[in-house]
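The following exercises concern a single model and its ligand. Please examine the sequence and the structure before reading the solutions.

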Amino acid sequence: MRLVLLGPPGAGKGTQAKVLSQTYAIPHISTGDILREAVKNNAPVGKKAKAYMDKGELVPDDVVNQIVVERIGEDDAARGFILDGFPRTRVQAQRLDESLGELGIALDLVLYFETSNRVAIARLSGRRVCRKCGANFHITNIPPKVNGVCDHCGGELYQRPDDSEETVKNRLVVYEQQTKELVEYYRGKGLLRTVSGDLDVQEVFVILSKMFKDEGLV
Ligand code: AP5
């Protein structure tokens, strides 16, 4: 199964991608996670990306395209993958089409997590992430058992620097201006399926599981 998850920051793409990745045993490829790891390790890509990420701007297309083209060609992606946070511009979408064409494969579905700004802002301001294993929590929606501590590995939970109020506002504007047009791009290709990102994690999962069966993907 080859999926793209599309939607604004805070739509729950990363959270749902982790559930789908475990359920269907296909890798979750998050450009945001890959870039944050590169920043943490002070890698060349991280050095290029950091200033954009801190402001909530998009990292240049050529940097991100390179990452994804390499990643989808790896062995574990041969059975399928879940792209989360990519593509985010028309240039990225076209590069993805080319790469898939070169590999002789195609996307099965693009899942659009339609989400209100109110919900997105509330989710991002309350998000906490594990420094060690990357698990996602929310201070009220999905709280850890012990405040500030990861349920899975005991790691410290932190707030992403780009989840500050000012940067979140900019990320939502950037989404509207540069990414939202991909909804129509993929609708035009007949790949788009819309799910409400405002629903809770399990509700979204049930809807998607049924969709995959109905589409003959599982
Ligand atoms: P990225 O990491 O991709 O951030 P994003 O798209 O802004 O998405 P988020 O991770 O904020 O939201 P999400 O939809 O995954 O929500 P989540 O599941 O975490 O990108 C960060 C930056 O990297 C960009 O700004 C850019 O600079 C750069 N970048 C990345 N990709 C790029 C690209 N392709 N091109 C250029 N630049 C790129 O959930 C949020 C919170 O809500 C969590 O606390 C979670 O616990 C909670 N939650 C989730 N789902 C639910 C639910 N259903 N009900 C209740 N709570 C929920």
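**Exercise 1: The open sheet**

An open sheet of three strands (strands are DSSP E runs of at least two residues, numbered from the N terminus) has the order β6-β5-β7, with antiparallel pairing. The model is predicted: local features need pLDDT of at least 70 and side-chain atom pairs pLDDT 80 or more, while totals for chains, interfaces and linings use all residues. Residues are numbered from 1 along each chain as its sequence is written, and side-chain values use heavy atoms, without hydrogens and water.

Task: determine which strands stand at the edges, and how many bridges join β5 to β7.

Solution.
1. β6 and β7 (157-158) are the edge strands; each has a single partner strand, so one side of each lacks a neighbour in the sheet.
2. Strand β5 (residues 127-130) is joined to the antiparallel β7 by two bridges (pairing requires at least two DSSP bridges).
3. Cysteine 130 has leucine 157 of β7 as its bridge partner.

**Exercise 2: The ligand shell**

Task: identify which helix gives the most to the shell around the ligand, and describe polar contacts (N or O pairs within 3.5 Å).

Solution.
1. The helix α2 gives the most, with four residues (helices are DSSP H or I runs of at least four residues).
2. An N or O atom in the side chain of lysine 13 is 2.9 Å from a ligand oxygen.
3. A backbone N or O atom of glycine 85 lies 2.8 Å from a ligand nitrogen.

Terms used:
A polar contact is a pair of N or O atoms within 3.5 Å; within protein, one must be able to donate a hydrogen and the other to accept it, and residues adjacent in sequence count only if both atoms are side-chain atoms.
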